[in-house]
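Please open the model in your viewer and keep the selection panel at hand. The stops below go from backbone geometry to a helix and then to pairs of charged side chains.

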Amino acid sequence: SSSDAGYPTEAVRPTLRLSDVGGMREVKERIEVSFLMPMRNPELRAAYGKSLRCGLLLYGPPGCGKTYIARAVAGELDAAFISVALSDVLDMWVGSSERNIHDVFQAARAKAPCVLFLDEVDALALKRSQNRNSGARNSVNQLLHELDGVEENNEGVFVLAATNHPWDVDEALRRPGRLDRMLAVLPPDLEAREAIFRHHLENRPVAGIDAGALARASDGLTGADIALVCESAAERAMVDSVRSGTVRLIGMADVTAALAEVRPSAGPWLETAKTVVEFANSSGQYDDLKAYLKQR
């Protein structure tokens with residue numbers, strides 16, 4: 001179904017599973033232990049008094065697969081999936097944004113069990129101290145109200161949110177019972193990069209491609225960067241084919257040349273993250289990010 005407000009609240013049922021996500025073993029293990037395991041074991045959940053409601057904040061640089069992982073979580077839970085971006089709910093008219101947020105949660109409750117994915121949540125929930133606009137503050141308060149489920153039952157609604165700027169997210173959103181767990185989704189590891197290269201080249205005319213070698217040569221690239229590399233390589237071969245009048249397959253030389261032209265897009269984000277880890281990690285909430293930066 002779709003909302004009368006004109007933004008989509010259509011629920012889909014993903015068939016994607018975490019096993020379909022290449023690499024990212026630590027991310028998948030943490031999701032399994034802290035999020036999926038309790039949901040799959042109702043008897044244990046009841047014994048330990050754990051509610052069938054969860055909130056998880058995925059953070060990291062753009063293009064690293066936060067939406068993909070959210071879909072895989074819905075698939076693992078055999079749950080409906082509703083994805084809402086900031087632009088879907090914010091409205092210039094007073095009161096409209098709050099109603100839109102309420103309608104989104106109502107749609108998720110009606111489809112429970114349902115994974116509700118809130119993208120760009122930092123823009124919606126910018127720290128209220130930074131936000132002098134009363135309408136925007138009201139939107140934040142409405143989101144907090146819906147997460148708490150004060151007037152409605154959120155049982156079976158799993159809220160996953162994504163942000164590129166977790167340090168700008170209102171701390172009230174991260175209190176217990178809301179988005180109380182954070183998980184870094186960072187540039188893909190070697191295994192993931194190989195899987196991403198294979199995915200973007202599998203339906204293209206290729207010859208002599210060594211995905212393992214490409215993965216080793218692309219450390220630091222995001223999934224979106226790798227998609228761009230493959231697109232550029234295909235373009236090089238296509239231009240050659242047009243000029244020569246003979247169809248030429250995409251080879252390693254094309255991909256290697258494209259790799260040399262693409263710079264890691266996560267660089268500026270990681271520079272900011274380095275400062276945050278150094279000066280704003282007293283509570284340990286960015287420890288997984290700290291470990292990643294230390295490895296590099």
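A residue is called partly exposed when its relative accessible area lies between the two cut-offs, that is, neither under 20%, which counts as buried, nor over 50%, which counts as exposed. The model on screen is a predicted one, and the tour should be read with that in mind.

**Backbone stops**

Begin by selecting Ala112 and Pro113 and displaying the backbone between them: the peptide bond that joins Ala112 to Pro113 is cis, and its omega is near 0°. Pro113 itself sits in the loop that runs between helix H5 (96-110) and strand E3 (114-118).

Move next along the chain to Glu120, in the loop between E3 and helix H6 (121-124). The phi of Glu120 is positive, near 55°, in a residue other than glycine, and with a relative accessible area of 38% Glu120 is partly exposed.

Then select Met24, which is found in the segment before helix H1 (25-40). Met24 is not a glycine, yet its phi is positive, at about 50°. Is Met24 buried or exposed? Its relative accessibility is 12%, so Met24 counts as buried.

**Helix H5**

Return to H5 and colour the helix from its first residue to its last. The 15 residues of H5 reach 21 Å from the first C-alpha to the last, close to the 21 Å expected at 1.5 Å a residue. Now show the side chains of the buried residues in H5, among them Ile101, Val104, Phe105 and Ala108. As you turn the view along the axis, recall that an α-helix has 3.6 residues a turn, so residues three or four places apart point the same way. The buried set in H5 also includes polar and charged residues, namely Ser96, Ser97, Glu98, Asn100 and Arg109.

**Salt bridges**

The last part of the tour concerns charged pairs, of which the model holds 13 that count as salt bridges. Select Arg25 and Glu191 and show both side chains, which meet in a salt bridge with an N to O distance of 3.3 Å. Arg25 belongs to helix H1 and Glu191 to helix H8 (residues 190-201), so this pair ties together parts that are 166 residues apart in sequence. Arg25 is exposed, at a relative accessible area of 55%, whereas Glu191, at 41%, counts as partly exposed.

Go on to Glu231 and Arg204, whose side chains form a salt bridge at 2.7 Å, N to O. Glu231 lies in helix H10 (residues 223-244) and Arg204 in the loop between H8 and helix H9 (211-216), so the pair ties together parts that are 27 residues apart in sequence. Both partners are partly exposed, Glu231 with a relative accessibility of 42% and Arg204 with a relative accessible area of 24%.

Stay with H10 for the next selection, Arg236 together with Glu261, where the side chains meet in a salt bridge of 3.5 Å, N to O. This pair links distant parts of the chain, with Glu261 in helix H11 (residues 252-261) and Arg236 in helix H10, 25 residues apart. Glu261 is exposed, with a relative accessible area of 56%, while Arg236 counts as partly exposed at 36%.

Finish by selecting Arg193, Asp219 and Arg296 together: salt bridges that share partners join these three residues into one network.

Terms used. Residues are numbered from 1 along each chain as its sequence is written. This is a predicted model: local features need pLDDT of at least 70, side-chain atom pairs count only at pLDDT 80 or more; totals for chains, interfaces and linings use all residues. Side-chain values use heavy atoms; hydrogens and water are left out. Helices (H or I, at least four residues) and strands (E, at least two) are DSSP runs, numbered from the N terminus. Buried means under 20% relative accessible area, exposed over 50%, partly exposed in between (1.4 Å probe, protein chains only). The expected span of a helix is 1.5 Å times one less than its number of residues. A salt bridge is a side-chain nitrogen of Lys or Arg within 4 Å of a carboxyl oxygen of Asp or Glu.
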